[in-house]
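Let's take a walk through this structure together. Have the sequence and the 3D view open as you read.

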Amino acid sequence: MSTALSSHPTSRPPKGALASATAVLRRLFLQLGVLPFMLLGALLVFTCLSDQFLTSQNLVNLLRQSVYLILVSMGQMLALVTGGFDLSVGTVMAITSVVSALAMNALAASWPDALWLAVLGGCLVGVAAGLGVGLINGVGVAFIGVSPFIMTLGVQSIGFGLALFLTGGVPVSGLPAAFSDLFGFGSVLGVPVPIAVTAACVLGVLIVMTRLPLGTHLLAVGGNAKAAALSGIETRRVLMLAYLLCSGLSAISGLLLTARVETGEANLGGTVALESIAACVIAGVSLRGGSGRVPSVVLGAIFIGVVQNGMNLASVGSYLQMVVLGALLIVAVVADQLRHRLSASGRL
Amino acid sequence: MSAAQTPPLLSTVSLCKRYPGVVALDGMDFELRAGEVHVLFGENGAGKSTLISMLAGANPPSSGEIRLHGQPVRLGSVHEARRHGISAVFQEFSLVPTLSVAQNLSLGDEPCRAGWLQTVALRERARRMLDGLGFDINPDALVSDLTRAEQQMVEIAKGLRGEVSVLILDEPTASLTDREAQRLFELVARLKASGVGIIYISHRMQEIEQIADRITVLRDGRKITTLQAAQTDADALIELMSGRAIEQIYPHIAHQPGEPVLEVQGLSSTNGVRGASLVVRRGEVVGLAGLVGCGKSELFRAIYGLDPISAGQVRFLGRPLTGARPRQWLREGLFYLPPDRKAEGLVLGFSSQANMALPLLSTVLRGRGGWLRRRLGRHLTAEAARQVELAPHNLDKPVGLLSGGNQQKVLFGKGMTREAALYVLDEPTVGVDVGTRTALYQLVQRLCEQGAAVVVISSDLPEVLHLSHRVYVMSHGEIAGELQGEAIGEKPVLNLFFGSSESRS
């Protein structure tokens, strides 16, 4: 109905305030996509459901909970804009968590006097392990030509299995307190460290996407790989970097979460692959590659945080939360298709 | 002449390209002088694309040599060719639809300072490039929002980036209007005057007459000859290209118009057709001509129920059938041959036999209790294969492994398993060899003379002109005019096409 109305805007004069409000909403929808509406809707619903929702303490809390997903979603976006995706982000978090915890404990046991060195060493080893996963993905996708779906699905299983094998399925506890005190609960100039680290990473990805040639190249490889190659872009190198950066960001996320929970766990990133893809898709990142904007993805990840936080406060059980999350993902995709159709019909 | 002393700008010496089982280009000797427009002329599959892809560095030669100013060069990549000043504008768009015009124009060569992207410089550079060519395109627009013609202009602008001494244009006017094409020719003239050598692929005779200096004719991967453009004409070129006289390729089809089979009144569709009316009678071949994007394919897509109809009536054998779905059309006796056999026509992994049986599965071949009648299927498809002259040993091979010509025969075969009153053939001979073309044209002749109605939709103008008894010319989604009998010719068709496009603007 609205399509028919809108495709002949001149045939009917606008009737009153309602019609013009609809027109404004439609234009906003076409320009911004579905995310602002969903975010606004979620904020309204949860404010009504729980009076604790819209408090400054809860909002800071919400942001602190969202940083892990924001980081992974940034990485996921880099893979998605090249036309692929990365299902192994959760595995990267698990490997990073387990390896950094084991390394940290081993180093701390050998040199009990140099705890900070142990923490630093553990972090480096953990991130390196995470990057190793990205390297394998990159080699498989960019150089051997395995489809991203199969490659990252396989690596996801391998990595998860290895993480469980390394720990025997038992969480690694007894980490140096300094680690959690800083990366889990510390703050710099009043800003919680996880938020500061995430802000720095978001800024970094923003710079890559808008201020470095690499950003354009990532989009070009996803938008039309052949055209990119014909334009002299090393598409394999670009794909490789996408998966490396994705795993790097997931590794940082895994490290921060390890500090937060104070144990190295193989189960750390169980649902993060689905959630990060959902955050990106809700934020308008095309699954066909070639388009994606950093601020939208941050908002998309925060939106998922809002929904989870709000449902927790409204005491919706975690089983039902899964139902809601899946439904929201599909609604977002359907709305996005509607938007494409509307803008296409508007152009004719 | 001085050309005899100075080596040519670009030349190839017995250049070959072999693929497993196919020789795409065989012993090619070609030369391009500075400041000339050299047209490559040949059918699809004659080796034109192979030659230019090797010259552009996109495809390494199997043997032979490419020389620039007489010196052998190795063009290992498009980038390397660009460094030597060879630039190609391919027919397939090499633009990234999700990026802006400015980003596309600098892709792979972004203006940077200390590794940082200079966004202002990026836009200014695009502005300069477009203004220099006289193209009125917003550098900030997304490429996906541009029309095909605008995309073509961006493509050309991109091809001219940097120092260019050899410019390769592969059917650059295929999607341009007459006025845009004239602008392109002015540009070509300017480049020529500044000493750029231009390799130009086109099928349009008028265009070739207007801009060509020399013409090299290719057939079956070999060079037939190189001619001075001033010393030849269209008929001679077509004979050289196909290796046969025109009368040998196109059969004479008897014209015995009977009762109307299809009547279309004021048809408009959501895919861009506006108020089209036409009649197709038994015993005649009706052509539908027009350039890419003029709506000729879209018209029959709408009639056949693939795209929604927004206004107008369709009558088939006297009965109203507006908005019928493909399933119903098949039952009523319309056979539709889609233009892109790989995307819409064939299941590439299935055998020829299975492909031809596909439209029969839910009707003729459905036996008692829903069981498939396999024996009947084999019989019907074998008979169809005989009609389209498909060799029996191809019946059980996966269609994807067959040559383009044989694939097209299978596609035709899908329509031969039962009788139809109307055959709609959209681009019936795209990418097939001359032998297959002649066979398919003879099939069209048989169908028509047996009393069926045939519609030929084609971008290949000679094909439409020589097969049809009547021709409708489409332009901008409308039927611009109708030609009959002796009036059918290249010039009147192009006049109709461009006439309406000029009056519009």
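The paragraphs below look at the interface between two chains and then at some cysteines.

Please keep in mind that this is a predicted model. A good place to begin is where the chains meet: 23 residues of chain A are in contact with 26 residues of chain B. Between chain A and chain B, the buried area comes to about 1,800 Å², and carbon and sulfur atoms give 61% of that. On the side of chain A, R211(A), L230(A) and S231(A) lose the most area to chain B, and together they make up 31% of what that side buries.

What kinds of polar pairing turn up here? There are five residue pairs in polar contact between chain A and chain B, both residues being at pLDDT 80 or more, while the rule finds zero salt bridges across this interface.

Now trace the helices on the side of chain A that touches chain B. At least two residues each are supplied by α9 (193–211), α10 (213–223) and α11 (225–230) of chain A. The largest share, six residues, comes from α10(A). Sorted by residue class, this side of chain A has 10 nonpolar, 10 polar and three charged residues.

Finally, turn to the cysteines. Over all chains, the structure holds zero disulfides. For C201(A), the nearest cysteine sulfur belongs to C246(A) and is 13 Å away. Is C201(A) buried or exposed? Its relative accessibility is 13%, under the 20% cut-off, so C201(A) counts as buried. C48(A), in contrast, has a relative accessible area of 69%, which is over 50%, and is therefore exposed.

Definitions and conventions: Residues are numbered from 1 along each chain as its sequence is written. Chains are lettered from A and ligands numbered from 1 in the order in which they are written. This is a predicted model: local features need pLDDT of at least 70, side-chain atom pairs count only at pLDDT 80 or more; totals for chains, interfaces and linings use all residues. Side-chain values use heavy atoms; hydrogens and water are left out. Contact means heavy atoms within 4.5 Å. Buried area is the accessible area (1.4 Å probe) that two parts lose on being put together, summed over both. A salt bridge is a side-chain nitrogen of Lys or Arg within 4 Å of a carboxyl oxygen of Asp or Glu. A polar contact is a pair of N or O atoms within 3.5 Å; within protein, one must be able to donate a hydrogen and the other to accept it, and residues adjacent in sequence count only if both atoms are side-chain atoms. Helices (H or I, at least four residues) and strands (E, at least two) are DSSP runs, numbered from the N terminus. Ala, Val, Leu, Ile, Met, Phe, Trp, Tyr, Cys and Pro count as nonpolar, Asp, Glu, Lys and Arg as charged, and the others, Gly among them, as polar. A disulfide is a pair of cysteine sulfur atoms within 2.5 Å. Buried means under 20% relative accessible area, exposed over 50%, partly exposed in between (1.4 Å probe, protein chains only).
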